[in-house]
Amino acid sequence: MGNFEAKWNQFINVFLEQNGYQKVMEGLQNTLLIAVLGLLIGILIGILIGTVRVVPKYNWLPRILNGICSFYVGLFRGTPIVVQLLVFYYVLLPLMGVHMTGVQVSILVFGFNSGAYISEMVRGGIMSVDSGQMEAGRAMGLSFATTMQKIVIPQAIKNILPTLGNEFIALIKETSVVSFVGAADLYVAFSYIGSNSYEFMVPYLVMALIYIVLVMIISLGIKCMERSLRKSDRRN
């Protein structure tokens, strides 16, 4: 017990007196920024790809687009996020002569990666919508694109909202790897505290607790959202 108290005091000393809390706040901010913006980018990409993949393949253009989208999904779902970060940061960006910070690259890569997974969610959500909705829209004189935009996709998004919450949780946890490209996340912050206190047990326990609290808050939000959706369905 006395040994743990000594470790705790070392942690508090670095956390408060050596500005460790500033590192933690910066890491928490970057973690949330990467996860939130990555999810938003992923949703945009996912809706676009998911829609393309359910479009009837009557001519060559939809077939080519579907092939490109299938390759994209396979590429980002088939490689680890760490590999994607390293390739973007150390290979592709230098080849293109583009300079981006570790946080900016992480947001971009997490968005691309998330888009591949969300596209499959959107595709499944669109396919879960009754085909009569599309037929009704076309019978009213709406084009295929307008029917998808105004009728089908909104219902599909409503169906997959809880699953999007789970994707957000996954993004929060996966941000722990962004230190590979120099982004200061929670892992970097608590590693800094551990290095300066010469003791890593307490910092890493606190880091784990913060991740658990974040996931619990998001999970609570997902449950509230699901209850709200069920009430809306009952009213309809």
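Helices (H or I, at least four residues) are DSSP runs numbered from the N terminus, and the expected span of a helix is 1.5 Å times one less than its number of residues. The structure is a predicted model, in which local features need pLDDT of at least 70, side-chain atom pairs count only at pLDDT 80 or more, and totals for chains, interfaces and linings use all residues. Residues are numbered from 1 along each chain as its sequence is written, and side-chain values use heavy atoms, without hydrogens and water.

The mean pLDDT (the predictor's confidence in each residue, from 0 to 100) of the chain is 85, with 96% of residues at 70 or more. Among the elements, H4 has the highest mean pLDDT (93) and helix H6 (residues 131–139) the lowest (76).

Helix H7 (residues 144–174) has 31 residues, and its end C-alpha atoms lie only 37 Å apart, short of the 45 Å of a straight helix. A kink of about 50° lies in H7 at Leu 161, shortly before Pro 162; the bend is the angle between axes fitted to the seven residues ending at a residue and the seven starting there.

The largest nonpolar core (buried Ala, Val, Leu, Ile, Met, Phe, Trp, Tyr and Cys residues joined through side-chain atoms within 4.5 Å) contains 55 residues, and Leu 85 and Ile 172 are among those touching the most other members. Helices supplying at least two residues of this core include H2 (20–54) and H7. Leaving aside neighbours within four places in sequence, Leu 85 is in contact (heavy atoms within 4.5 Å) with residues including Val 105, Phe 110 and Val 181.

Thr 31, in helix H2, counts as buried (under 20% relative accessible area, 1.4 Å probe, protein chains only) because its relative accessibility is 0%. Beyond four places in sequence, Thr 31 touches Ile 172, Thr 175, Asp 185 and Leu 186.

Terms used:
Buried means under 20% relative accessible area, exposed over 50%, partly exposed in between (1.4 Å probe, protein chains only).
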